[in-house]
Amino acid sequence: MTFKKRVLLVVKKIPRGKVLTYQNVARKAGFPRAYRAVGNILNKNFDPAIPCHRVVGSDGSLRGFNRGLAQKKKLLKKEGIDLKKSGELICEMARKKMH
DNA sequence: TAGCTGACGCAAA
DNA sequence: ATTTGCGCCAGCT
(Lines give C-alpha, C1' and ligand atoms only; values in the text may rest on other atoms or scores of the structure.)
Protein backbone atom coordinates (compact mmCIF):
# COMPACT_ATOMS: atom_id res chain seq x y z
CA MET A 1 0.00 0.00 0.00
CA THR A 2 2.77 2.42 0.90
CA PHE A 3 4.57 1.52 -2.25
CA LYS A 4 1.47 2.28 -4.25
CA LYS A 5 1.14 5.70 -2.70
CA ARG A 6 4.80 6.43 -3.27
CA VAL A 7 4.56 5.47 -6.91
CA LEU A 8 1.49 7.58 -7.53
CA LEU A 9 3.16 10.49 -5.80
CA VAL A 10 6.27 10.16 -7.91
CA VAL A 11 4.23 10.01 -11.08
CA LYS A 12 2.29 13.06 -9.99
CA LYS A 13 5.57 14.86 -9.42
CA ILE A 14 6.71 14.32 -12.98
CA PRO A 15 7.08 17.78 -14.51
CA ARG A 16 5.32 18.65 -17.73
CA GLY A 17 7.31 17.95 -20.82
CA LYS A 18 9.26 15.18 -19.19
CA VAL A 19 8.93 11.47 -19.04
CA LEU A 20 10.11 8.76 -16.71
CA THR A 21 10.47 5.06 -17.14
CA TYR A 22 8.67 2.57 -14.96
CA GLN A 23 12.02 1.60 -13.63
CA ASN A 24 12.85 5.16 -12.80
CA VAL A 25 9.55 5.68 -11.03
CA ALA A 26 10.05 2.54 -8.99
CA ARG A 27 13.55 3.69 -8.13
CA LYS A 28 12.31 7.09 -7.02
CA ALA A 29 9.60 5.42 -5.00
CA GLY A 30 12.27 3.53 -3.16
CA PHE A 31 11.72 0.15 -4.81
CA PRO A 32 14.11 -0.07 -7.74
CA ARG A 33 13.06 -3.64 -8.43
CA ALA A 34 9.32 -3.06 -8.28
CA TYR A 35 8.94 -1.54 -11.72
CA ARG A 36 6.55 -4.39 -12.34
CA ALA A 37 4.20 -3.31 -9.65
CA VAL A 38 4.39 0.26 -10.89
CA GLY A 39 2.60 -0.56 -14.10
CA ASN A 40 0.18 -2.74 -12.24
CA ILE A 41 -0.70 0.05 -9.86
CA LEU A 42 -1.17 2.66 -12.57
CA ASN A 43 -3.32 0.25 -14.47
CA LYS A 44 -5.70 -0.34 -11.62
CA ASN A 45 -5.61 3.20 -10.36
CA PHE A 46 -7.49 5.37 -12.79
CA ASP A 47 -6.76 8.84 -11.51
CA PRO A 48 -6.78 11.83 -13.93
CA ALA A 49 -4.63 13.73 -11.45
CA ILE A 50 -1.86 11.30 -12.20
CA PRO A 51 -0.18 11.90 -15.56
CA CYS A 52 0.43 8.26 -16.24
CA HIS A 53 1.12 9.17 -19.84
CA ARG A 54 4.47 10.54 -18.71
CA VAL A 55 5.49 7.08 -17.68
CA VAL A 56 7.04 5.18 -20.55
CA GLY A 57 9.05 2.05 -21.12
CA SER A 58 12.81 1.77 -20.72
CA ASP A 59 13.32 2.57 -24.39
CA GLY A 60 10.92 5.49 -24.30
CA SER A 61 8.15 3.57 -25.98
CA LEU A 62 4.62 3.67 -24.71
CA ARG A 63 3.58 0.47 -23.06
CA GLY A 64 -0.03 1.00 -22.19
CA PHE A 65 -2.57 3.51 -21.12
CA ASN A 66 -5.90 3.18 -19.39
CA ARG A 67 -7.46 5.58 -21.88
CA GLY A 68 -5.78 4.15 -24.93
CA LEU A 69 -2.33 4.53 -26.40
CA ALA A 70 -3.65 7.01 -28.97
CA GLN A 71 -4.70 9.40 -26.21
CA LYS A 72 -1.39 8.92 -24.48
CA LYS A 73 0.53 9.76 -27.61
CA LYS A 74 -1.59 12.81 -28.11
CA LEU A 75 -0.98 14.04 -24.59
CA LEU A 76 2.74 13.52 -24.86
CA LYS A 77 2.87 15.31 -28.16
CA LYS A 78 0.89 18.16 -26.66
CA GLU A 79 3.53 18.48 -23.98
CA GLY A 80 6.20 18.59 -26.63
CA ILE A 81 7.29 15.06 -26.05
CA ASP A 82 7.93 12.84 -29.01
CA LEU A 83 8.84 9.19 -29.11
CA LYS A 84 12.36 10.22 -29.97
CA LYS A 85 12.29 12.95 -27.37
CA SER A 86 11.34 10.52 -24.63
CA GLY A 87 14.18 8.29 -25.73
CA GLU A 88 16.56 11.21 -25.52
CA LEU A 89 15.30 12.14 -22.09
CA ILE A 90 15.84 8.64 -20.85
CA CYS A 91 19.27 8.53 -22.40
CA GLU A 92 20.07 11.82 -20.80
CA MET A 93 19.05 10.75 -17.32
CA ALA A 94 20.87 7.49 -17.80
CA ARG A 95 24.01 9.35 -18.78
CA LYS A 96 23.56 11.69 -15.83
CA LYS A 97 23.29 8.74 -13.53
CA MET A 98 26.44 7.23 -14.94
CA HIS A 99 28.49 10.38 -14.95
C1' DT B 1 -3.29 -17.51 3.06
C1' DA B 2 -1.77 -18.84 -1.46
C1' DG B 3 -1.69 -18.22 -6.26
C1' DC B 4 -2.20 -15.61 -10.53
C1' DT B 5 -1.70 -11.35 -13.07
C1' DG B 6 0.55 -7.51 -15.28
C1' DA B 7 1.16 -0.76 -18.58
C1' DC B 8 8.47 -4.18 -17.34
C1' DG B 9 13.26 -5.21 -18.43
C1' DC B 10 17.01 -7.79 -19.92
C1' DA B 11 19.50 -11.81 -21.85
C1' DA B 12 19.75 -15.26 -25.02
C1' DA B 13 18.56 -17.59 -29.44
C1' DA C 1 16.86 -6.74 -36.11
C1' DT C 2 13.12 -9.42 -34.06
C1' DT C 3 11.20 -12.95 -31.11
C1' DT C 4 11.09 -15.99 -26.96
C1' DG C 5 11.95 -17.00 -22.24
C1' DC C 6 12.89 -15.92 -17.53
C1' DG C 7 13.16 -12.98 -13.36
C1' DC C 8 11.23 -9.51 -10.67
C1' DC C 9 7.60 -7.00 -7.09
C1' DA C 10 3.37 -5.48 -5.31
C1' DG C 11 -1.52 -5.74 -5.93
C1' DC C 12 -5.73 -8.25 -6.65
C1' DT C 13 -8.89 -12.41 -6.59
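## Val 38 and the core

Leaving aside its neighbours within four places in sequence, Val 38 touches five residues: Phe 3, Val 7, Tyr 22, Val 25 and Ala 26. This is a predicted model. Val 38 also belongs to the largest nonpolar core, which has 28 residues. Within that core, Phe 3, Val 7, Val 11, Val 25, Val 38, Leu 42 and Val 55 touch the most other members.

Several elements build the core. At least two residues each come from helix 1 (2-13), helix 2 (22-29), helix 3 (35-44), strand 2 (55-56), helix 4 (69-78) and helix 5 (83-98). Helix 1 contributes the most, with 5 residues. In soluble globular proteins, nonpolar side chains tend to be buried together.

## Arg 6 on helix 1

Arg 6 sits in helix 1. Is Arg 6 buried or exposed? Arg 6 is partly exposed, because its relative accessible area is 39%, and partly exposed covers the range between 20% and 50%.

Beyond its neighbours within four places in sequence, Arg 6 is in contact with Lys 28 and Ala 29. Arg 16 is 10 residues from Arg 6 in sequence, and their C-alpha atoms are 19 Å apart in space.

## Helix 4: two faces

Lys 72, Leu 75 and Leu 76 are the buried residues to note in helix 4. They lie on the same side of helix 4, because they cover an arc of only 95° around the axis. An α-helix has 3.6 residues a turn, so residues three or four places apart point the same way.

The buried residues of helix 4 pack against helix 2 and strand 2. The face turned away from the buried side carries exposed residues: Ala 70, Lys 73, Lys 74, Lys 77 and Lys 78. Just after helix 4 comes Gly 80, with a positive phi of about 85°.

## His 53 in its loop

His 53 is found in the loop between helix 3 and strand 2. His 53 counts as buried because its relative accessible area is 8%, and the cut-off for buried is under 20%.

Which side chain makes a polar contact with that of His 53? The partner is Glu 79, at 3.1 Å. Leaving aside neighbours within four places in sequence, His 53 is in contact with Phe 65, Lys 72, Leu 75, Leu 76 and Glu 79. Lys 72, Leu 75 and Leu 76 are also the buried residues of helix 4 described above.

## The surface near DNA strand B

The protein places 15 residues around DNA strand B. Tyr 22, Arg 36, Asn 43, Ser 58 and Gly 64 come nearest. By class, this surface has 5 nonpolar, 8 polar and 2 charged residues. Helix 2 and helix 3 each supply at least two of its residues. The largest share, 7 residues, comes from helix 3.

What parts of DNA strand B come within 4 Å of the protein? Sugar or phosphate makes up 48% of those atoms, and the rest belong to bases. Base nitrogens feature in two pairs. One is 2.3 Å from an N or O atom in the side chain of Arg 36. In the other pair, a base nitrogen is 3.1 Å from a polar backbone atom of Gly 64. On the backbone of the DNA, a phosphate oxygen is 3.0 Å from an N or O atom in the side chain of Asn 43.

## The surface near DNA strand C

DNA strand C is surrounded by Met 1, Phe 3, Lys 4, Phe 31, Arg 33, Ala 34, Tyr 35, Arg 36, Ala 37, Asn 40, Ile 41 and Lys 44. Sugar and phosphate account for 66% of the strand C atoms that come within 4 Å of the protein. The class count is 7 nonpolar, 1 polar and 4 charged residues. Helix 1 and helix 3 each supply at least two residues. Helix 3 gives the most, with 6 residues.

Two polar pairs can be picked out. A polar backbone atom of Arg 33 is 3.1 Å from a sugar or linking oxygen of DNA strand C. A polar side-chain atom of Arg 36 is 2.3 Å from a base oxygen of DNA strand C. The side chain of Arg 36 also has an N or O atom 2.3 Å from a base nitrogen of DNA strand B.

Definitions and conventions: Residues are numbered from 1 along each chain as its sequence is written. Chains are lettered from A and ligands numbered from 1 in the order in which they are written. This is a predicted model: local features need pLDDT of at least 70, side-chain atom pairs count only at pLDDT 80 or more; totals for chains, interfaces and linings use all residues. Side-chain values use heavy atoms; hydrogens and water are left out. A nonpolar core is a set of buried Ala, Val, Leu, Ile, Met, Phe, Trp, Tyr and Cys residues joined through side-chain atoms within 4.5 Å. Buried means under 20% relative accessible area, exposed over 50%, partly exposed in between (1.4 Å probe, protein chains only). Helices (H or I, at least four residues) and strands (E, at least two) are DSSP runs, numbered from the N terminus. Contact means heavy atoms within 4.5 Å. A residue is near a molecule or strand if one of its heavy atoms lies within 4 Å of it. A polar contact is a pair of N or O atoms within 3.5 Å; within protein, one must be able to donate a hydrogen and the other to accept it, and residues adjacent in sequence count only if both atoms are side-chain atoms. Ala, Val, Leu, Ile, Met, Phe, Trp, Tyr, Cys and Pro count as nonpolar, Asp, Glu, Lys and Arg as charged, and the others, Gly among them, as polar. The arc is that of the directions from the helix axis to the C-beta atoms.
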